[in-house]
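Me: I'd like to go through this structure with you, a little at a time. Can I just ask things as they come up?
Reply: Please do, and we can take the topics in whatever order you like.

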Amino acid sequence: MKFTYPAILHRQEDGRWKATLPDLEGCEAMGDTLDEAVDEANAALQCWIEAEMAEDDAVLPPVSDAADLHVQDGDEVRNICINYRFNDGWDE
(Lines give C-alpha, C1' and ligand atoms only; values in the text may rest on other atoms or scores of the structure.)
Protein backbone atom coordinates (compact mmCIF):
# COMPACT_ATOMS: atom_id res chain seq x y z
CA MET A 1 0.00 0.00 0.00
CA LYS A 2 1.26 3.49 -0.82
CA PHE A 3 1.32 6.19 1.85
CA THR A 4 1.97 9.83 1.00
CA TYR A 5 2.29 12.65 3.54
CA PRO A 6 3.56 16.21 3.07
CA ALA A 7 6.83 17.29 4.64
CA ILE A 8 7.95 20.81 5.40
CA LEU A 9 11.68 21.22 4.78
CA HIS A 10 13.30 24.13 6.57
CA ARG A 11 16.91 25.23 6.22
CA GLN A 12 18.55 25.52 9.63
CA GLU A 13 21.03 28.22 10.65
CA ASP A 14 23.90 25.75 10.24
CA GLY A 15 22.88 25.11 6.60
CA ARG A 16 21.40 21.67 7.22
CA TRP A 17 17.78 20.87 6.34
CA LYS A 18 15.13 19.70 8.77
CA ALA A 19 12.13 17.77 7.45
CA THR A 20 8.96 17.70 9.54
CA LEU A 21 5.92 15.64 8.64
CA PRO A 22 3.27 17.65 10.51
CA ASP A 23 0.52 15.04 10.21
CA LEU A 24 2.64 12.42 12.00
CA GLU A 25 3.53 13.22 15.59
CA GLY A 26 7.28 13.21 16.13
CA CYS A 27 8.14 12.28 12.54
CA GLU A 28 11.19 14.37 11.63
CA ALA A 29 14.48 13.99 9.79
CA MET A 30 17.65 15.96 9.10
CA GLY A 31 20.01 16.14 6.15
CA ASP A 32 23.09 18.06 5.07
CA THR A 33 21.40 18.82 1.74
CA LEU A 34 17.78 19.17 0.66
CA ASP A 35 17.97 15.85 -1.22
CA GLU A 36 19.46 14.09 1.80
CA ALA A 37 16.71 15.50 4.04
CA VAL A 38 14.07 14.17 1.62
CA ASP A 39 15.74 10.73 1.65
CA GLU A 40 15.87 10.77 5.45
CA ALA A 41 12.20 11.88 5.56
CA ASN A 42 11.34 8.82 3.46
CA ALA A 43 13.14 6.60 5.97
CA ALA A 44 11.43 8.36 8.90
CA LEU A 45 8.01 7.93 7.28
CA GLN A 46 8.73 4.23 6.70
CA CYS A 47 9.66 3.76 10.38
CA TRP A 48 6.65 5.76 11.58
CA ILE A 49 4.19 3.75 9.47
CA GLU A 50 5.79 0.42 10.48
CA ALA A 51 5.60 1.33 14.17
CA GLU A 52 1.97 2.44 13.89
CA MET A 53 0.91 -0.62 11.91
CA ALA A 54 2.47 -2.86 14.57
CA GLU A 55 -0.04 -1.51 17.10
CA ASP A 56 -3.30 -3.40 17.68
CA ASP A 57 -5.30 -0.21 17.21
CA ALA A 58 -3.33 1.39 14.38
CA VAL A 59 -4.66 4.81 13.43
CA LEU A 60 -3.21 6.70 10.50
CA PRO A 61 -4.02 10.40 10.55
CA PRO A 62 -5.61 12.12 7.57
CA VAL A 63 -3.31 13.84 5.10
CA SER A 64 -3.15 17.62 5.22
CA ASP A 65 -3.57 19.64 2.08
CA ALA A 66 -0.34 21.46 1.22
CA ALA A 67 -2.24 24.77 1.15
CA ASP A 68 -3.18 24.29 4.82
CA LEU A 69 0.40 23.87 6.07
CA HIS A 70 2.09 26.65 8.00
CA VAL A 71 5.33 27.38 6.16
CA GLN A 72 7.93 30.08 6.51
CA ASP A 73 9.71 31.96 3.73
CA GLY A 74 12.31 29.69 2.17
CA ASP A 75 10.62 26.47 3.28
CA GLU A 76 10.04 23.69 0.79
CA VAL A 77 6.99 21.41 0.85
CA ARG A 78 7.43 17.95 -0.63
CA ASN A 79 5.18 14.93 -0.69
CA ILE A 80 6.96 11.99 0.92
CA CYS A 81 5.77 8.64 -0.39
CA ILE A 82 6.53 5.10 0.72
CA ASN A 83 5.25 1.66 -0.19
CA TYR A 84 4.33 -0.47 2.81
CA ARG A 85 3.92 -4.23 2.53
CA PHE A 86 1.38 -5.65 4.93
CA ASN A 87 3.07 -9.04 4.64
CA ASP A 88 6.42 -10.31 3.43
CA GLY A 89 4.93 -13.11 1.37
CA TRP A 90 3.29 -16.28 2.41
CA ASP A 91 4.44 -19.35 4.27
CA GLU A 92 3.69 -22.72 2.72
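Me: Let's start with Lys18: is it buried, partly exposed or exposed?
Reply: Keeping in mind that this is a predicted model, Lys18 counts as partly exposed, because its relative accessible area is 27%, which falls between the 20% limit for buried and the 50% limit for exposed.

Me: And which side chain does Lys18 meet in a salt bridge?
Reply: The side chain of Lys18 meets that of Glu28, with a distance of 3.6 Å from N to O. Lys18 lies in strand 2 and Glu28 in strand 3, so this salt bridge ties together parts that are ten residues apart in sequence. Glu28 is partly exposed as well, with a relative accessible area of 43%.

Me: Why would two side chains like that pair up?
Reply: Side chains of opposite charge can pair when their charged atoms come close.

Me: How many salt bridges are there in total?
Reply: The count comes to three. One of them joins the side chains of Arg16 and Asp32, at 2.9 Å from N to O, and this pair links distant parts of the chain, since Arg16 sits in the loop between strand 1 (2–11) and strand 2 (17–20), while Asp32 sits in the loop between strand 3 (28–31) and helix 1, 16 residues apart. Another is formed by Arg78 with Glu76, whose closest N and O atoms are 3.6 Å apart.

Me: How accessible are Arg78 and Glu76?
Reply: Arg78 is partly exposed at 31% relative accessibility, and Glu76 is partly exposed at 29%.

Me: Changing topic: which residues gather in a patch of negative charge?
Reply: That patch is on the surface, and Asp35, Glu36, Asp39 and Glu40 gather there. To take one of them, Glu36 is found in helix 1, which covers residues 34–53, and it counts as partly exposed, with a relative accessibility of 31%.

Me: What about the cysteines, how many disulfides does a search of the whole structure find?
Reply: The search finds zero disulfides.

Me: Why don't Cys27 and Cys47 form one?
Reply: The closest cysteine sulfur to that of Cys27 is the one in Cys47, and at 8.4 Å it is too far for a bond, because a disulfide needs the two sulfur atoms to be within 2.5 Å. Looking from the other side, the closest cysteine sulfur to that of Cys47 is in Cys27, again at 8.4 Å.

Me: Is Cys27 buried or exposed?
Reply: Cys27 is buried, with a relative accessible area of 4%.

Note on methods. Residues numbered from 1 in each chain as written. Predicted model: local features only at pLDDT ≥ 70, side-chain atom pairs only at ≥ 80, totals over all residues. Heavy atoms only, no water. Buried < 20%, exposed > 50% of the residue type's maximum accessible area, 1.4 Å probe, protein only. Patch = residues over 30% accessible without salt bridge, like charges linked within 9 Å, V, L, I, M, F, W, Y side chains within 5 Å. Areas by Shrake-Rupley, 256 points an atom, 1.4 Å probe, with all protein chains shown as cover. Salt bridge = Lys/Arg side-chain N within 4 Å of Asp/Glu carboxyl O. Lys, Arg positive; Asp, Glu negative; His and termini not counted. Charge placed at Lys NZ, Arg CZ, Asp CG, Glu CD. Helix = DSSP H or I, 4+ residues; strand = E, 2+ residues; numbered from the N terminus.
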